[in-house]
Amino acid sequence: MLVTLIIACEVGFWVLLTGGLALRYLAKKPKPGAAVLLCEPLLELTLLVATTLDLRGGAEPDWKHGVAALYLGYTVAYGHYTVKWLDGHAAHRLAGGPKPAGAGYGKARALHEWRLAGRTALAAAVAIGLLQIAVWYVGGSGDTGSLRGWQLTALRMTGIHALIAATYTLWPKKAPADAGPRDRVGRSGQAGRSGQPG
């Protein structure tokens, strides 16, 4: 049941996102489109309530609860950000808006990668916090080893992403010879939209 709900929330996220952007840019109805996009947090709330009720009903903590916590952490850290990024591209392709800037090269790209690593750290912190609440909730009445294992998984994910960001700092990505000034600067020189999540 919980696995099905996690999948349904993920599918629902993309359905709402696609529907909201279609209303905004294809149907030329920005307010209804924005309203649809604002419904997305309800999916995460539904999953949180369902996970809590599952544990409260006596379910043994296992990998499903860990995945649910990681999913909730991801949506907190990356959900709005993903919507904004895709909205920028939809505005460009469907409504003649400016082309979003890329992630850039050199120092700009390194900063971009560290911003993403920061988001991953936030996602991990949320997941670890939710898992810890579940550990306290279950207490001594059940095996919490799986929940603690997922906390370590969240920490490993953060470490891996930090290592990836560090490689862009130590070995900066160089701009190709044919890159224009806008591409060379990337997000750090663009206060508005970005062509890469960052």
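**Exercise 1. Identify the partner of Asp-62 in a salt bridge, and give the distance between the closest N and O atoms.**

Solution. In this predicted model, Asp-62 forms a salt bridge with Lys-64, and the closest N and O atoms of the two residues are 2.6 Å apart. The cut-off to apply is 4 Å between a side-chain nitrogen of Lys or Arg and a carboxyl oxygen of Asp or Glu, and the pair of Asp-62 and Lys-64 is one of three salt bridges that the structure holds.

**Exercise 2. Determine where in the chain the salt-bridge partners Arg-24 and Asp-87 lie, and whether each is buried, partly exposed or exposed.**

Solution. Begin with the contact itself: the side chains of Arg-24 and Asp-87 meet in a salt bridge with an N to O distance of 3.3 Å. Next, place the two residues, which are 63 residues apart and so link distant parts of the chain, Arg-24 belonging to helix H1 (residues 2-26) and Asp-87 to helix H4 (residues 63-95). Finally, apply the accessibility cut-offs, by which buried means under 20% and exposed means over 50%, with partly exposed in between. Arg-24 has a relative accessibility of 26% and therefore counts as partly exposed, whereas Asp-87, at 11%, counts as buried.

**Exercise 3. Describe the salt bridge between Glu-113 and Arg-109, including its position in the helix and the burial of both residues.**

Solution. The side chains of Glu-113 and Arg-109 meet at 2.7 Å, N to O. Both residues lie in helix H5 (residues 106-138), where a spacing of four residues corresponds to about one turn of the helix. As for accessibility, Glu-113 and Arg-109 are both buried.

**Exercise 4. Characterise the aromatic pairs Phe-13 with Trp-14 and Tyr-78 with Tyr-81 by geometry and burial.**

Solution. The structure holds three aromatic pairs. In one of them, Phe-13 and Trp-14 have ring centres 5.1 Å apart and planes at 85°, and the pair is edge-to-face because that angle is over 60 degrees. Phe-13 is buried, its relative accessible area being 8%, while Trp-14, with 38%, is partly exposed.

Turning to Tyr-78 and Tyr-81, the centres are 6.3 Å apart and the planes stand at 65°, which again makes an edge-to-face pair. Tyr-78 and Tyr-81 are three residues apart in helix H4, so about one helical turn separates them. Tyr-78 is buried with a relative accessible area of 9%, and Tyr-81 counts as buried at 8% relative accessibility.

**Exercise 5. Which residues do ring pairs link into a cluster?**

Solution. The cluster consists of Tyr-74, Tyr-78 and Tyr-81, linked by ring pairs.

Notes
Residues numbered from 1 in each chain as written. Predicted model: local features only at pLDDT ≥ 70, side-chain atom pairs only at ≥ 80, totals over all residues. Heavy atoms only, no water. Buried < 20%, exposed > 50% of the residue type's maximum accessible area, 1.4 Å probe, protein only. Phe/Tyr/Trp six-rings, centres within 6.5 Å; stacked < 30°, edge-to-face > 60°.
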